[in-house]
Structure formats: structure tokens, C-alpha cells
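Colleague: Please take a close look with me at one buried spot in this model and what it touches. Then walk outwards from there, so that I can place it in the rest of the chain.

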Amino acid sequence: VAVLGLGGGALVRFIAHYYHPCELEVAERDAAVVGVAARHFGVHASPPRLCVYTCDALVYARGRAARATEPLDCLLLDVDAPESSPAQPPSVPVEVERLFLCAPGSDLLRADALVELAACVREGGVVIINLLPPSRTPAAALDRFVARAVAPAFAEHAVLSVSGDENLIFIGVVRRFRARLTRSSTAGALRRRRLLREACALVGVGVWTDGRTIL
């Protein structure tokens with residue numbers, strides 16, 4: 001599992017505690033943040049259980065993808081948008097609502113950046129993105145933004161709406177090649193949908209997919 005963005009390390013500590021057998025890699029571009037997480041929040045690198053890299057998210061992704069024999073099962077993107085971040089990813093069609101996301105930055109939502117993130121993950125693995133829109137953003141604008149800017153990079157996706165919070169959690173399933181529709185590929189799709197349903201039930205949130213279909 002890789003976590004891009006460290007902050008105080010709450011997400012890293014949660015995964016380490018509840019999913020003890022997994023190996024964690026963390027990428028955080030700010031060395032000061034890494035120092036604060038270690039000194040005040042007990043997040044200490046202890047390879048191979050926990051590796052912390054001080055680098056940009058895309059720099060990490062490119063290096064990780066080069067290790068083709070060790071793809072990730074899951075990549076979580078949980079970073080703030082820099083103040084200089086453009087309001088809208090350049091790959092998004094102009095008819096899509098202009099959306100000033102608080103997280104992540106638009107540089108990480110470009111089509112080529114999403115492909116690079118997905119390249120780190122194994123076939124059938126997932127990329128999870130914490131999307132934080134500004135307060136009172138219309139739901140329709142968020143729907144269009146996700147459908148046009150983020151979802152096309154993945155074979156399947158779901159969006160979790162967290163009750164009482166403005167965050168949206170995007171989950172994208174990675175698939176390298178578009179397979180012919182066979183009994184086995186259909187079974188695989190149904191299995192992935194079942195796993196998404198179980199994940200949603202575990203955290204107790206609502207979920208929707210393309211066309212507002214409830215899983």
C-alpha cells in the first residue's frame with residue numbers, strides 16, 4: 001500500500017494498526033512535515049514495514065512504476081492543493097464546471113498524471129483519491145467534474161459520500177487492457193463490484209457510480 005501525502009500521519013497509523021500484515025510506502029514532498037510526523041505523532045520509518053520518501057507524488061509514482069515486479073495493491077492520494085494550483089486541470093473539457101478543489105492539486109488530476117498513478121498499481125488494484133471541494137459546491141458540479149476529469153482514467157469507479165463531511169472518496173479500479181466480454185470477465189466485474197459494496201458497508205457510507213447507479 002502506498003500513501004501519497006503524510007500530514008500528521010493519521011491515515012498511515014490507521015492502516016498500520018488495522019491492516020498489520022501490509023507493507024506501507026509513504027511519499028511526502030515536505031521534509032518539515034516528515035519531521036513533525038516523526039517527532040510529534042510517532043510516525044517513524046521502519047523498512048520494510050514502513051518506508052517514507054521525501055519526494056513529490058509523481059516523482060514517487062514514476063520510480064515505483066519502474067519496479068514492475070512489485071506493483072502496489074492500493075495507492076491512496078491524500079494531498080492538499082498548492083496555493084498556485086490552477087482552478088481546472090488542463091485536460092478537462094471547458095464545458096465542465098470550473099471547480100476550485102481544496103485537494104488534491106490539479107497537477108495530480110491531469111489525465112497523464114492519473115495514468116502515472118495507476119501504473120504503480122497491479123491489475124485489479126485500486127487508486128483511492130480524497131477529493132475536497134469548497135463549501136457549498138453544487139452536487140451536480142461535483143458529479144460532472146468526477147465523471148469528466150477523474151473517472152475516464154479507470155476501468156470502473158465508485159464515489160463514497162461521507163455523511164457529515166464535504167469530502168468525496170473516489171475509488172478507481174485499474175485495468176490495463178480492455179478485454180472481450182466473456183463469462184470470466186463478467187465474473188471479474190461482478191466480483192469487483194461486490195468488493196466495493198463490502199468496502200462501503202464496512203465504513204457505513206453511501207456510494208454511487210456512473211449514471212448514479214447504486215452498488
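Modeller: Happy to. Let me settle one term before we start: two residues are in contact when they have heavy atoms within 4.5 Å. Keep in mind too that this is a predicted model.

Let's begin at Arg64, which sits in helix H3, residues 57–66. The relative accessible area of Arg64 is 6%, and the cut-off for buried is under 20%, so this arginine counts as buried. What does Arg64 touch once neighbours within four places in sequence are set aside? The contacts are Glu25, Glu70, Pro71, Leu72 and Cys120.

Glu25 gives us a way onward. The C-alpha atoms of Glu25 and Pro48 are 8.6 Å apart in space, with the two positions 23 residues apart in sequence. Pro48 belongs to the loop that runs between helix H2 (31–41) and strand S3 (50–53). With a relative accessibility of 55%, above the 50% that marks the exposed class, Pro48 is therefore exposed. Not counting residues up to four places away, Pro48 touches Glu23 and Leu24.

Leu24 takes us back inside. This leucine lies in strand S2 (residues 24–27) and is buried, with a relative accessible area of 1%. Beyond its neighbours within four places in sequence, Leu24 contacts Val1, Val3, Val12, Ile15, Ala16, Pro48, Arg49, Leu50 and Cys51. For Val12, 12 residues away along the chain, the C-alpha to C-alpha separation from Leu24 is 7.9 Å.

Two of those contacts of Leu24, Val12 and Ile15, have numbers that fall within helix H1, residues 10–18, and that helix brings us to the aromatic rings. There are three aromatic pairs in the whole structure. One of them joins Phe14 and Tyr18 in a tilted arrangement, with 4.7 Å between the centres and 40 degrees between the planes. Phe14 and Tyr18 are both in helix H1, four residues apart, or about one turn of the helix. Is each ring buried or exposed? Phe14 is partly exposed at 44% relative accessibility, while Tyr18 is exposed at 55%.

Another tilted pair is formed by Phe154 and Phe170, at 5.5 Å centre to centre and 50 degrees between the planes. This pair links distant parts of the chain, 16 residues apart: Phe154 is in the loop between helix H5 (139–150) and strand S6 (156–161), and Phe170 is in strand S7 (residues 168–173). Phe154 is buried at 8% relative accessibility, and Phe170 is buried at 0%.

There is open space to look at as well. The second largest pocket holds about 420 Å³. Its lining has 23 residues, and Gly5, Glu28, Asp78, Val79 and Asp80 are the ones nearest its centre. By type, the lining splits into 11 nonpolar, five polar and seven charged residues.

Now for the wider frame. The protein has six helices and eight strands, ordered along the sequence as β-α-β-α-β-α-β-α-β-α-β-β-α-β. Of its 215 residues, 41% are buried. Among contacts between residues at least 6 apart in sequence, 65% join residues at least 24 apart.

Finally, a word on confidence. The mean pLDDT is 77, with 72% of residues at 70 or more. Confidence is highest in strand S1 (residues 2–4), at a mean of 96, and lowest in strand S8 (residues 206–208), at 47. Residues 84–97 stay under 50, and the model gives that stretch 28 contacts beyond four places in sequence. Residues 178–184 are also below 50, and that stretch has two contacts beyond near neighbours in sequence.

How values were computed: Residues numbered from 1 in each chain as written. Predicted model: local features only at pLDDT ≥ 70, side-chain atom pairs only at ≥ 80, totals over all residues. Heavy atoms only, no water. 1 Å grid on protein atoms, 1.4 Å probe; cavity = no way out; pocket = protein on both sides within 12 Å on 5 of 7 lines; lining within 4 Å. Points joined across faces, edges and corners; volume = space filled by probe spheres on them. Nonpolar A, V, L, I, M, F, W, Y, C, P; charged D, E, K, R; others polar. Phe/Tyr/Trp six-rings, centres within 6.5 Å; stacked < 30°, edge-to-face > 60°. Helix = DSSP H or I, 4+ residues; strand = E, 2+ residues; numbered from the N terminus. Buried < 20%, exposed > 50% of the residue type's maximum accessible area, 1.4 Å probe, protein only. pLDDT = per-residue confidence, 0-100.
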